[in-house]
Amino acid sequence: MKGFAILLALGATLLTASPTFAEQGLPLLTVTSGAEGQQSYSLNIQILLLMTALSLLPAALIAMTSFTRILVVFAILRQALGTAQTPSNQILLGLTLFTTLFIMTPVLEKSYSEGIQPYMEEQLGFNAAATKAIAPFREFMLNQVRESDLALFVDMAGDVQVDNPRDVPLKVLLPAFVVSELKTAFQIGFLIFIPFLIIDLVVASVLMSMGMMMLSPVLISLPFKIMLFVLIDGWALIVSTLAAGFYV
């Protein structure tokens, strides 16, 4: 925030120093207080805030949605199958992205209808619109975060007094949610890994008993693991299970 404030002040100084802007008298840094105490920012500040928000959008996509859990599970699945770079990283990222959009559609629609749309129609100020737009994401994260992880980061923050989980600030909720998602993803990945590990052990034991110790067990077990995964319709099963897990 300090760096952003310095950048904002520097940009305002450069613009106000220009003769063209000085002649037009363009209000660059204007904060208007309303009758009920609310504040509205000038268009220039809103544009700067919007550009900053867009630059943070990838981080928000990872930290505030189901993206992390899904991507980690897919990565562990590929490792369990032993297919190296198949599917490729681009395919996994694309599948993860669109699955995330599918899961997060109710949250995104609620955020748009309650926060963004009223702001665009000038029914809400910037602060009120931002609060209402972020509320569905807070609710989503609170429904998924583990209480132990949330309590851990509340204790680490030190200066945060929380009587109600709904009052947890984002600086505490975001890292707690990410850690909770990683823990859940690794638990799911462990359960996915076990059947493929059993196949590897069986194939290795058979090859050992036949004296074919120079033959790689992975080379023999790979077709069986792929066949098993295809027969149970693995991709559809995993994607549907992951999606259902967020709204149980």
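The paragraphs below lead through a predicted model of one protein chain, going from its overall make-up to a helix, two buried polar residues and a pocket.

The chain is built from eleven helices and two strands, and when it is read from the N terminus the elements follow the order α-α-β-β-α-α-α-α-α-α-α-α-α, with the strands placed after the second helix. Of its 248 residues, 29% count as buried. Among the contacts between residues at least 6 apart in sequence, 64% join residues that are at least 24 apart.

A convenient place to look at burial in detail is helix α8, which spans residues 147-157. Its buried residues are Asp149, Leu150, Phe153 and Val154, and when the helix is viewed down its axis these fall within an arc of 135°, so that they line one face of α8. The spacing fits a general property of such helices: an α-helix has 3.6 residues a turn, so residues three or four places apart point the same way. On the other side of α8, Glu147, Asp155 and Met156 are exposed, and just after the helix Gly158 adopts a positive phi of about 80°.

Within the buried face of α8, Phe153 can be followed further. Phe153 has a relative accessibility of 17% and counts as buried because the cut-off for that class is under 20%. Once the neighbours within four places in sequence are set aside, the contacts of Phe153 are with Val172, Pro175, Ala176 and Val179. One of these partners, Pro175, lies 22 residues away along the chain, and the C-alpha atoms of Phe153 and Pro175 are separated by 7.6 Å.

Two polar residues elsewhere in the chain are also buried. Gln144 belongs to helix α7, which covers residues 126-144, and with a relative accessible area of 13% Gln144 is buried. The side chain of Gln144 reaches the backbone oxygen of Phe246 at 2.9 Å. Not counting residues up to four places away in sequence, Gln144 touches Arg69, Phe177, Ser180, Glu181, Gly245 and Phe246, so the residue that offers its backbone oxygen is also found among these contacts.

Thr83, by comparison, sits in the loop between α5 (67-81) and α6 (89-120), and Thr83 is likewise buried, with a relative accessible area of 16%. A polar atom of the Thr83 side chain lies 2.3 Å from the backbone oxygen of Thr86. Leaving aside neighbours within four places in sequence, Thr83 is in contact with Arg78, Leu222 and Ile226.

The last feature is the second largest pocket, which has a volume of about 260 Å³. Fourteen residues line this pocket, and those closest to its centre are Ile188, Ile192, Gly234, Leu237 and Ile238. Three helices, α9 (170-209), α10 (217-231) and α11 (234-245), each supply at least two residues of the lining, and α11 gives the most, with six residues. By class, the lining of the second largest pocket holds ten nonpolar, three polar and one charged residues.

Methods:
Residues are numbered from 1 along each chain as its sequence is written. This is a predicted model: local features need pLDDT of at least 70, side-chain atom pairs count only at pLDDT 80 or more; totals for chains, interfaces and linings use all residues. Side-chain values use heavy atoms; hydrogens and water are left out. On a 1 Å grid over the protein atoms alone, a cavity is a set of points where a 1.4 Å probe fits but cannot get out, and a pocket is an open set with protein on both sides within 12 Å along at least five of seven lines; lining residues have an atom within 4 Å of a point. Grid points are joined across faces, edges and corners, and a volume is the space filled by probe spheres set on the points. Helices (H or I, at least four residues) and strands (E, at least two) are DSSP runs, numbered from the N terminus. Ala, Val, Leu, Ile, Met, Phe, Trp, Tyr, Cys and Pro count as nonpolar, Asp, Glu, Lys and Arg as charged, and the others, Gly among them, as polar. Buried means under 20% relative accessible area, exposed over 50%, partly exposed in between (1.4 Å probe, protein chains only). A polar contact is a pair of N or O atoms within 3.5 Å; within protein, one must be able to donate a hydrogen and the other to accept it, and residues adjacent in sequence count only if both atoms are side-chain atoms. Contact means heavy atoms within 4.5 Å. The arc is that of the directions from the helix axis to the C-beta atoms.
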